[in-house]
Amino acid sequence: MSTFDDHAILISCLKTKQEDAFEYLYDRYSAALYGIVLKIVTDADEASDVLQDAFINISLKIDTYDSTKGSLFTWILNIARNKALDALRKKERKYKIQLDDQIVGTIESKGATNSNSQTDTIGLREIVSKLKPDLREMIELHYFNGYTQQEITDMKGIPLGTVKTKIRTAMQSLKKVFDIK
Amino acid sequence: MNIQEYINSGIIEQYVLGDVSVQERQEVECMSHIYPEIQQELYSQQEVIEKLAMSFQVAPPADLKAKILGRIKEQNLLNETTAPIVEENPDPIDDEVKVVETLKDNVIRMSDAPPKSNWIKYLAAASLVFCIALAGLIFKNNSEYKEELNKLSVSNSGLEDQMHNMTQKMTIMQDPSFQKIAMPGIKEKSPESVATVYWNKKESVVYLNPNSLPKPQDGKQFQLWAIKDGVPMDMGMLPNDFDSNSFVKMTNIDNAQAFAITMEKEGGVPSPTMSEMYVMAAL
């Protein structure tokens, strides 16, 4: 047990820049953040850089964190994901992958190698993998590859309404499997 | 629309997955502020994402911890000794204001940019009124909703939009792959007019900044043309609500020897009326 398990204490200590609070944050969440970042950028070295940037950003922006908008974990997760998506976009721009088909192809193969090659930590991932393939793909494209619903619509040639419904259904199914009320 | 319909609309998923505009984000935050059911849904969806993240945990390289904590410490020390120098990625508004300030002197007209502190104050004061008004509108469930929502958003996020446009502008102006083509006014027609085309030839992308074009007469609209191999190509219409700060994306073109703007009947014409040419630049 740590006093930082109380998030109100943790947050106020982070705001006053106490080192042990950052250490607690790192110990507790770095694997989750790193996992997401790695899934997005796919390269281990790059993921380390992104994680580093994300933590610096967290410490710089902690004063702006507003607990009414969501938990601390959600907030830092968003920071890490955004950093990772920025890095991904930069990379994509560099390689100028322009054809839609190519993008889909890259993502599909990327997605496939990812979920197979990385070390699983928890059985939860198995639960996620039980989502219907089309729903899982939506979450992959949307959350892990950062495509907007409109972009998915254009890319897959399915109507926006369908994309919206699929994403909502996916989130609702996950809610059920994770047993969240 | 009622609360359940609002939840079912999928907007909360979009919020949680980070696919919302500034306006929508504000909307969801307002709604969850007022309605506990919406807040509950928001929190539980955030929890889904948290669980999802937890399920993909991978331990970072062992040496990373010391590196990261070291950098945080360093940077905190730096901040203590040199007060508010933020070394990287301050909040986006700061960035924009800074860019505006640096470029103020060599850029068209940026005086509309409000100072940051006013902007924040403005938003804070407006936010509660905005939340309540917004909730009323969303649940009013009629066709006026969208229209009124738009009006409300225009007044409330007008400044945010302005910031957004400005950033976009800055990005284009700073991008060396964009060529800036100033089109001076035609002496006989409108000598005081100026408009500028920003053209990324390699990617064929064209933006138009109307600078000092006059307001078009009733029923008329400005149309941009590119002269390609001696043939005028329709590059699209300039929406009539433009102002000197507008930055409008026009039709793509990969090659042109000149750009020009004519005033035509609303909706445009297949070929330009030469006597109605306002500005022109040959390359």
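1. A word on pLDDT before anything else: pLDDT is the predictor's confidence in each residue, on a scale from 0 to 100. You'll want that in mind, as this is a predicted model. Within chain A, helix H3 (residues 44-61) has the highest mean pLDDT of the chain's elements, at 94, while helix H5 (residues 100-117) of chain A has the lowest, at 42. Chain A as a whole averages 81, and 81% of its residues score at least 70.

2. So which part of chain A has a pLDDT below 50? That would be residues 96-122. The stretch does have 35 contacts in the model beyond near neighbours in sequence, but go easy on them. Where pLDDT is low, the predicted coordinates should not be read in detail.

3. Now to chain B. It has 283 residues, of which 45% count as buried, and its elements are 8 helices and 8 strands. Looking at contacts in chain B with a separation of 6 or more, 62% of them are between residues 24 or more positions apart.

4. Next, where the two chains meet. Chain A brings 59 residues to the contact and chain B brings 50. About 5300 Å² is buried between them, with 62% of that area coming from carbon and sulfur atoms. On the chain B side, keep an eye on B:Leu17, B:Phe56 and B:Val58: this trio supplies 14% of the area chain B buries against chain A, more than any other three residues.

5. There is a polar side to the interface too. Between chain B and chain A there are 19 residue pairs in polar contact, counting pairs with both residues at pLDDT 80 or more. Which elements of chain B give two or more residues to this side? They are helix H1 (3-8), helix H2 (11-16), helix H4 (36-55) and helix H5 (64-81). H4(B) gives the largest share, 16 residues. Sorted by class, the side of chain B that touches chain A has 20 nonpolar, 16 polar and 14 charged residues.

6. On to salt bridges. The structure holds 13 over all chains, and 5 salt bridges are counted between chain B and chain A. One between the chains pairs B:Glu29 with A:Lys69, where the closest N and O atoms are 3.4 Å apart.

7. Another one to look up is B:Lys65 with A:Asp27, whose closest N and O atoms are 2.7 Å apart. This pair crosses between chains, running from helix H5 of chain B to helix H2 (residues 19-41) of chain A. Are the partners buried or exposed? Something in between: B:Lys65 counts as partly exposed because its relative accessibility is 23%, and A:Asp27 is partly exposed as well, with a relative accessible area of 47%.

8. Chain A has salt bridges of its own. A:Glu140 pairs with A:Lys39, with the closest N and O atoms 3.2 Å apart. This one links distant parts of the chain, as A:Glu140 is in helix H7 (residues 133-144) and A:Lys39 is in helix H2, 101 residues apart. Both A:Glu140 and A:Lys39 are buried.

9. Helix H7 of chain A turns up again in the bridge between A:Lys166 and A:Asp134, where the closest N and O atoms are 2.9 Å apart. A:Lys166 is in helix H9 (residues 160-177) of chain A and A:Asp134 is in helix H7, 32 residues apart in the chain. At 31% relative accessibility, A:Asp134 is partly exposed. As for shared partners, salt bridges join A:Glu23, A:Asp27 and B:Lys65 into one network.

10. A:His142 deserves a click as well. Its place is in helix H7 of chain A, and it counts as buried because its relative accessible area is 1%. A polar atom of the A:His142 side chain lies 2.8 Å from the backbone oxygen of A:Tyr147. Leaving out residues up to four places away in sequence, A:His142 touches residues of both chains, including A:Arg81, A:Gln149, B:Leu17 and B:Asp19.

11. Last up is A:Gln149, in helix H8 (residues 149-156) of chain A. Is A:Gln149 buried or exposed? Buried, because its relative accessible area is 3%. Beyond its neighbours within four places in sequence, the contacts of A:Gln149 include A:His142, A:Leu160, B:Gln14 and B:Asp19.

Terms used. Residues are numbered from 1 along each chain as its sequence is written. Chains are lettered from A and ligands numbered from 1 in the order in which they are written. Side-chain values use heavy atoms; hydrogens and water are left out. Contact means heavy atoms within 4.5 Å. Buried area is the accessible area (1.4 Å probe) that two parts lose on being put together, summed over both. A salt bridge is a side-chain nitrogen of Lys or Arg within 4 Å of a carboxyl oxygen of Asp or Glu. A polar contact is a pair of N or O atoms within 3.5 Å; within protein, one must be able to donate a hydrogen and the other to accept it, and residues adjacent in sequence count only if both atoms are side-chain atoms. Helices (H or I, at least four residues) and strands (E, at least two) are DSSP runs, numbered from the N terminus. Ala, Val, Leu, Ile, Met, Phe, Trp, Tyr, Cys and Pro count as nonpolar, Asp, Glu, Lys and Arg as charged, and the others, Gly among them, as polar. Buried means under 20% relative accessible area, exposed over 50%, partly exposed in between (1.4 Å probe, protein chains only).
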